[in-house]
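Q: I should like to learn how to read a model of this kind, feature by feature. Where should one begin?

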Amino acid sequence: MTTAIIIIAVVAVAAIAAFFLLRARPAGGRGLRGRFGPEYDRVVARHGGDTSAAERELGDRVKRHGRLNERPLTEEARARYAARWASAQELFVESPERALTEADALLADLSRERGFPDGEDFEDRTDALSVHHAAHVDGYRRVHAARRGGASTEEMREALIEARGLFDGLLAGGPSGREHDRHLVKGRGTS
């Protein structure tokens with residue numbers, strides 16, 4: 001009887017210790033996979049399947065860029081960016097390469113105005129964007145790569161379409177964007 005009580009006590013202590021150890025663990029694995037979605041898979045592939053290395057990189061991104069507060073856009077800035085995006089889309093028919101160059105520059109300008117890293121370091125900017133807009137950052141990468149040449153017209157079209165998700169997220173997100181989001185939901189806004 002005493003042995004059974006000791007065994008139950010040891011098992012209970014071990015279960016409690018395991019619970020607290022798992023709870024105290026940094027959010028890796030499923031937490032990072034859930035936060036980054038397709039970006040998680042892209043980073044794991046880039047690390048040759050090494051999930052530990054990929055999770056270290058993604059964890060570093062969160063530490064570097066996780067506290068970034070996106071600045072709201074004024075309604076004037078929002079309208080200016082929407083007009084630029086519409087122009088880039090229209091330009092695609094005439095010159096897909098120029099349209100992608102404009103979309104690439106527009107996303108850089110918009111992300112900079114929203115508070116993301118400035119400068120010429122595309123990777124730093126996309127790393128920061130991946131922390132806050134993981135589902136759509138790959139479209140920006142595809143536009144950036146396709147505008148450099150070698151992409152078919154269809155690949156350029158798909159890149160522009162995919163980048164629209166990031167554009168919409170940057171345009172509508174943040175405190176000033178909440179009113180814009182309500183108009184879109186009610187069908188009164190433009191996209």
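The dialogue below takes up confidence, a helix face, the nonpolar cores and a buried histidine.

A: One begins with confidence, since this is a predicted model. Where pLDDT is low, the predicted coordinates should not be read in detail. The protein averages a pLDDT of 82, and 81% of the residues score at least 70.

Q: In which helices is confidence lowest and highest?

A: The lowest mean, 37, belongs to helix H10 (residues 177-186), and the highest, 96, to helix H5 (residues 75-94). Over residues 174-191 the pLDDT is below 50, although the model gives this stretch 20 contacts beyond near neighbours in sequence. Residues 21-28 also stay under 50, with two contacts beyond four places in sequence.

Q: How is the buried side of a helix to be recognised, and which residues of helix H3 are buried?

A: One lists the buried residues and then considers their directions around the axis. In helix H3 (residues 38-46) the buried residues are Glu39, Tyr40, Val43 and Val44. They lie on the same side of H3, because they cover an arc of only 135° around the axis. The face turned away from that buried side carries the exposed residues Pro38 and Ala45. Just after H3, Gly48 takes a positive phi of about 65°.

Q: What should one expect of nonpolar side chains, and how many residues has the largest nonpolar core?

A: In soluble globular proteins, nonpolar side chains tend to be buried together. Here the largest nonpolar core has 30 residues, and among those with the most contacts inside it are Tyr81, Trp85, Leu107 and Phe167. H5, helix H6 (96-113), helix H7 (122-132), H8 and helix H9 (153-172) each supply at least two residues of this core. H9 gives the largest share, eight residues. A second, separate core of nine residues includes Leu32, Tyr40, Val43 and Ala54.

Q: With which residues is Leu107 in contact, apart from its neighbours within four places in sequence?

A: Leu107 is in contact with Trp85, Tyr140, Ala163, Leu166 and Phe167.

Q: How does one examine a single polar residue, and is His144 buried or exposed?

A: One considers its accessibility, then its partners. His144, which lies in helix H8 (residues 137-146), has a relative accessible area of 12%. Buried means under 20%, so His144 counts as buried. A polar contact of 3.0 Å joins its side chain to that of Asp104. Leaving aside neighbours within four places in sequence, His144 is in contact with Asp104 and Phe122.

Notes. Residues are numbered from 1 along each chain as its sequence is written. This is a predicted model: local features need pLDDT of at least 70, side-chain atom pairs count only at pLDDT 80 or more; totals for chains, interfaces and linings use all residues. Side-chain values use heavy atoms; hydrogens and water are left out. pLDDT is the predictor's confidence in each residue, from 0 to 100. Helices (H or I, at least four residues) and strands (E, at least two) are DSSP runs, numbered from the N terminus. Contact means heavy atoms within 4.5 Å. Buried means under 20% relative accessible area, exposed over 50%, partly exposed in between (1.4 Å probe, protein chains only). A polar contact is a pair of N or O atoms within 3.5 Å; within protein, one must be able to donate a hydrogen and the other to accept it, and residues adjacent in sequence count only if both atoms are side-chain atoms. The arc is that of the directions from the helix axis to the C-beta atoms. A nonpolar core is a set of buried Ala, Val, Leu, Ile, Met, Phe, Trp, Tyr and Cys residues joined through side-chain atoms within 4.5 Å.
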